[in-house]
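Subject: Structure handover

Hi there,

Here is the structure I promised to pass on to you. Please open it first, and then read my notes below.

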Amino acid sequence: MDFADPSRRITHRLARAIYELCRVMTVQDVADHWGLDPKTVKAVDQHFLRQEFGRTDYGGLRILAVDEIALKKGHQGYMTVVLDYLTGRVVWMGEGHSKETLDTFFAGMSEDQKQAVEAVAMDMWEPFINRVRHHCPQAKIVFDLFHLVKAFGEVIDEVRREEVRKAATEQDRQCIKGSRYLLLKNRRNLRPHQRVRLRELLAVNQRISAVYQLKDQLKMIYHYRLRGWAKKALDQWRQLAAGVNHPAMKRYIGRLRFFEDGILNHCDYAIGTSPLEGVNNKIKVIKRRAYGFHDPDYFALKVKQALPGRKPFTEMG
């Protein structure tokens, strides 16, 4: 009988209908619609997904973005996401965020395909840096501004906590206490009453005011397109930051020195992991709608289906 698979209890026509509905509905909803067991629906969906997205397509990869996503709240379990930066296509997803994780991704690439990779955007996660340099030594690693500023936010928070402990008066202590998000948010995202409180805080505490201004100046480094000017701005920033005598600031300055090439490489490739932030938001929606995503393989296939990318429309250089 050519209208049904002998190993299944449904026809090919019904299987195809299930697959198409699973694009826009949850597994549970599709199961309820057809009066089927959710496990049957998931198996059918996964079967077609493997046919369409099971093999990793390494073709045409020049600019990549690499990041990790937390599978559960509390950072319990990660998956690494590799994105084709030029098209927005999710190329690959794998469990974990270690050296071995990226080794698995690169294992499927030919030497010519590895040589074709020009740049990779990522955060300052050393296992990823190590494997990109090992497999694609010619590729320029570009550290993302978002993660650079996020890491500096930890410095701001440590300085803030110390200033709370050192406050000379109870009024000053109350002004500084509870101001964490005022200092970490972009000023334009603050509400009018929050801006008033921020001005009061910066007027009360000179040290907090200094680190807050350093945060804004750090972002300006990524506005430069000439490497020499960007390096000069980075050197000047480090000199100013050294004036804030705090162990967290010293550690951060050391990290900037160690990762300097990846920061300056943005002058050659103005890229970052911001496209992956949009991808992560879509992945969260998929997780909320999902049934059975304790199966990482199925989860990765659903993400690749939802984010097939677009045709390249720009040239990087």
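Asp268 and Lys140 form a salt bridge, with their closest N and O atoms 2.9 Å apart. Asp268 sits in the loop between helix H14 (260-264) and helix H15 (274-289), while Lys140 belongs to strand S5 (residues 140-143), so this pair ties together parts that are 128 residues apart in sequence. Asp268 is partly exposed at 24% relative accessibility, and Lys140 is partly exposed at 31%. Please keep in mind that this is a predicted model.

Helix H14 turns up again in another pair. Asp261 forms a salt bridge with Arg227, and here the closest N and O atoms are 3.7 Å apart. Since Asp261 lies in helix H14 and Arg227 in helix H12, the contact ties together parts that are 34 residues apart in sequence. Arg227 has a relative accessibility of 30%, which makes this residue partly exposed.

If you stay with helix H12, you will find a salt bridge between the side chains of Arg238 and Asp235, at 2.5 Å from N to O. Both residues lie in that helix, 3 residues apart, or about one turn. Is Arg238 buried or exposed? With a relative accessible area of 8%, Arg238 is buried, because the cut-off for that class is under 20%. Its partner Asp235, at 26%, counts as partly exposed.

There is also a network to look at: Arg16, Glu20, Arg23 and Glu52 are joined into one by salt bridges that share partners. How many salt bridges does the whole structure hold? A search finds 25.

Next, the surface. Tyr224, Leu226 and Trp229 make a nonpolar patch of about 340 Å². Tyr224 is in the loop between helix H11 (206-220) and helix H12 (227-241). This tyrosine is partly exposed, with a relative accessible area of 33%.

On to the pockets, where I looked at the second largest one. Its volume is about 410 Å³. Which elements give two or more residues to the lining of this pocket? They are helix H7 (145-166), helix H9 (180-184) and H11. The largest share, 6 residues, comes from H7. If you would like to display the lining of the second largest pocket, here is the list:

- Leu145, Phe146, Val149 and Lys150 are among the lining residues.
- Gly153, Glu154, Arg180 and Tyr181 also line the pocket.
- Leu184, Asn186, Lys215 and Lys219 are included as well.

You may wonder about the cysteines. How many disulfides are there? The count comes to 0. A disulfide would need a pair of cysteine sulfur atoms within 2.5 Å. Cys136 is buried at 0% relative accessibility, and Cys267 is buried too, at 11%.

One last spot to visit is Ser98, which lies in the loop between strand S3 (89-95) and helix H4 (99-107). Ser98 is partly exposed, with a relative accessible area of 27%. The C-alpha atoms of Ser98 and Leu14 are separated by 41 Å, and the two residues are 84 apart along the chain.

Enjoy looking through it, and write back whenever you like.

Best wishes

How values were computed: Residues numbered from 1 in each chain as written. Predicted model: local features only at pLDDT ≥ 70, side-chain atom pairs only at ≥ 80, totals over all residues. Heavy atoms only, no water. Buried < 20%, exposed > 50% of the residue type's maximum accessible area, 1.4 Å probe, protein only. Patch = residues over 30% accessible without salt bridge, like charges linked within 9 Å, V, L, I, M, F, W, Y side chains within 5 Å. Areas by Shrake-Rupley, 256 points an atom, 1.4 Å probe, with all protein chains shown as cover. Salt bridge = Lys/Arg side-chain N within 4 Å of Asp/Glu carboxyl O. Helix = DSSP H or I, 4+ residues; strand = E, 2+ residues; numbered from the N terminus. 1 Å grid on protein atoms, 1.4 Å probe; cavity = no way out; pocket = protein on both sides within 12 Å on 5 of 7 lines; lining within 4 Å. Points joined across faces, edges and corners; volume = space filled by probe spheres on them.
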